[in-house]
Amino acid sequence: MKNIRNFGISKEFADSKTHVSTIPMGTPDYLAPEHYTQDDQNKKLTDKSDVFSFGVVLLELITGKLAAFEKERREYIFLTIWAVPLLKQILDADYQDLDAENCKEIFDSKLPNNFEKNDMKKLIYSAASCVYKPAKLRPHMCERVKVLNGDMEPKTIWVRSDCKYLYNGSPYAPFPQAQGTSSS
């Protein structure tokens with residue numbers, strides 16, 4: 001199994017106050033989309049980039065797939081992109097029937113069929129809010145812990161209207177504009 005490595009943790013000191021770098025280096029599979037910009041300020045690790053990475057780990061637990069996996073021979077895809085249409089089916093529904101045939105593709109095939117559905121919903125909502133919300137809207141880790149412990153409702157960190165963040169290419173493609181609007 002591939003492990004997360006080479007990133008360390010975010011720090012809360014100004015660069016001038018410590019010798020520790022917060023510029024990410026290492027395996028890109030867990031990097032938040034803001035690290036792919038040309039802006040050096042966005043390339044620094046933050047608590048929000050840690051939240052994103054945690055969300056990728058949750059997606060790995062749900063799906064049994066690696067953060068970047070071979071989709072076809074020598075064709076790799078980010079798990080965060082692959083999962084979008086499957087998560088959309090679950091999160092954009094009034095009622096999440098995790099036993100429905102169209103939901104089964106997202107779950108790790110090694111999971112027993114009788115897994116705890118409420119726990120899986122907590123994982124799905126947590127993963128989606130970590131990975132697909134823009135950095136400034138990602139909930140804090142303490143909220144994630146509350147959801148996963150059952151002390152907070154999953155729908156408080158991912159509401160149905162957040163499904164607008166699930167689109168082709170997300171989380172790496174820019175947020176699509178509504179039809180009839182311009183970028184000027």
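**Lys 121 and the helical core**

Trainee: Leaving aside its neighbours within four places in sequence, which residues is Lys 121 in contact with?

Mentor: Lys 121 is in contact with Gln 96 and Leu 98 once its neighbours within four places in sequence are left aside. Contact means heavy atoms within 4.5 Å. This is a predicted model, in which local features need pLDDT of at least 70 and side-chain atom pairs count only at pLDDT 80 or more, while totals for chains, interfaces and linings use all residues. Residues are numbered from 1 along each chain as its sequence is written, and side-chain values use heavy atoms, with hydrogens and water left out.

Trainee: Where does Lys 121 lie?

Mentor: Lys 121 belongs to helix H4, residues 117–131. Helices (H or I, at least four residues) and strands (E, at least two) are DSSP runs, numbered from the N terminus.

Trainee: Is Lys 121 buried or exposed?

Mentor: Lys 121 is buried, meaning under 20% relative accessible area with a 1.4 Å probe and protein chains only (exposed is over 50%, partly exposed in between). Lys 121 nevertheless has no salt bridge, that is, no side-chain nitrogen of Lys or Arg within 4 Å of a carboxyl oxygen of Asp or Glu.

Trainee: What is the nearest side chain of opposite charge?

Mentor: That is Asp 97, 7.7 Å away. Lys and Arg count as positive, Asp and Glu as negative; His and the chain ends are not counted.

Trainee: Turning to helix H3, which residues are buried there?

Mentor: In H3, residues 84–91, the buried ones are Val 84, Leu 86, Leu 87, Ile 90 and Leu 91. They cover an arc of only 160° around the axis, so they are on the same side of H3; the arc is that of the directions from the helix axis to the C-beta atoms.

Trainee: What do the buried residues of H3 pack against?

Mentor: They pack against helix H1 (47–63), helix H2 (79–82) and H4.

Trainee: How many residues has the largest nonpolar core?

Mentor: It has 36 residues, and Leu 87, Ile 124 and Trp 158 are among those with the most contacts inside it. A nonpolar core is a set of buried Ala, Val, Leu, Ile, Met, Phe, Trp, Tyr and Cys residues joined through side-chain atoms within 4.5 Å. H4 supplies the largest share of this core, seven residues.

Trainee: And the strands: how do S1 and S2 run?

Mentor: S1 (residues 68–72) and S2 (residues 75–78) run antiparallel, joined by four bridges; two strands pair if DSSP finds at least two bridges between them.
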